[in-house]
Amino acid sequence: MGDHSAEEPLAGRQIALIDLLDRLLNGGAVLTGDVVLSIADVDLVHINLRAVIRSITPDGPAPW
């Protein structure tokens, strides 16, 4: 009864933080975001943020 198999959606179950980090580092992720600072509907600063999170192993090539 306590077995969480494939029929239950991921959003409906609890996942430990270490399991989430393991899945994230195994598959990799790209995080993006925008920050806009404005006064009186005038955009003063617009910053685009992008980060790639991926584990690097000794047998795989480095991304740089």
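Among the elements of the protein, which has the lowest mean pLDDT and which the highest? In this predicted model, helix α1 has the lowest, at 79, and β1 the highest, at 90. The legends below begin with the whole chain and then turn to single regions.

**Figure 1. Overview of the protein, with its one helix and two strands.** The order of the elements from the N terminus is α-β-β. Helix α1 covers residues 17-27, strand β1 covers residues 29-39 and strand β2 covers residues 42-53. The mean pLDDT of the protein is 77, and 73% of the residues score at least 70. Of the 64 residues, 2% are buried. The area exposed by the protein is about 6,000 Å², with 59% of it supplied by carbon and sulfur atoms. When contacts between residues at least 6 apart in sequence are taken, 17% of them join residues at least 24 apart.

**Figure 2. Pairing of strands β1 and β2.** The two strands run antiparallel to each other and are paired over 11 bridges. One residue to look for in this view is Val-35, whose bridge partner in β2 is Ile-47. Together β1 and β2 make a hairpin, and two residues lie between the strands.

**Figure 3. The turn of the hairpin, with Ala-40 and Asp-41.** Ala-40 sits in the loop between β1 and β2, and Asp-41 is in that loop as well. The phi of Ala-40 is near 55°, which is positive although the residue is not glycine. Asp-41 also has a positive phi without being glycine, with a value near 60°. For comparison, most residues other than glycine have a negative phi. Ala-40 has a relative accessible area of 71% and is therefore exposed. Asp-41 is likewise exposed, because its relative accessible area is 79%. The cut-off behind both statements is a relative accessible area over 50%.

**Figure 4. Surroundings of Val-36 in strand β1.** Is Val-36 buried, partly exposed or exposed? Val-36 has a relative accessible area of 40%, so this residue counts as partly exposed; the class lies between the limits of 20% for buried and 50% for exposed. Leaving aside residues up to four places away in sequence, Val-36 touches Asp-43, Val-45 and His-46. Asn-48 is 12 residues from Val-36 in sequence, and the C-alpha atoms of Val-36 and Asn-48 are 8.8 Å apart.

**Figure 5. A nonpolar patch on the surface.** The patch consists of Val-35, Leu-37, Ile-39, Val-42, Leu-44, Val-45, Ile-47 and Leu-49, which together have about 680 Å² of accessible area. Two elements, β1 and β2, each give two or more residues to the patch. Which element gives the most to the nonpolar patch? Strand β2 does, with five residues. Leu-37, one of the residues of the patch, belongs to strand β1. Val-35 and Ile-47 are both in the patch, and these two residues are also the bridge partners shown in Figure 2. Val-45, another member of the patch, is among the residues that Val-36 touches in Figure 4.

Notes
Residues are numbered from 1 along each chain as its sequence is written. This is a predicted model: local features need pLDDT of at least 70, side-chain atom pairs count only at pLDDT 80 or more; totals for chains, interfaces and linings use all residues. Side-chain values use heavy atoms; hydrogens and water are left out. Two strands pair if DSSP finds at least two bridges between them. Helices (H or I, at least four residues) and strands (E, at least two) are DSSP runs, numbered from the N terminus. Patches are made of residues with over 30% relative accessible area and no salt bridge: like charges are joined within 9 Å, nonpolar side chains (Val, Leu, Ile, Met, Phe, Trp, Tyr) within 5 Å. Accessible areas come from the Shrake-Rupley method with a 1.4 Å probe; for residues, only the protein chains shown count as cover. A salt bridge is a side-chain nitrogen of Lys or Arg within 4 Å of a carboxyl oxygen of Asp or Glu. Buried means under 20% relative accessible area, exposed over 50%, partly exposed in between (1.4 Å probe, protein chains only). Contact means heavy atoms within 4.5 Å. pLDDT is the predictor's confidence in each residue, from 0 to 100.
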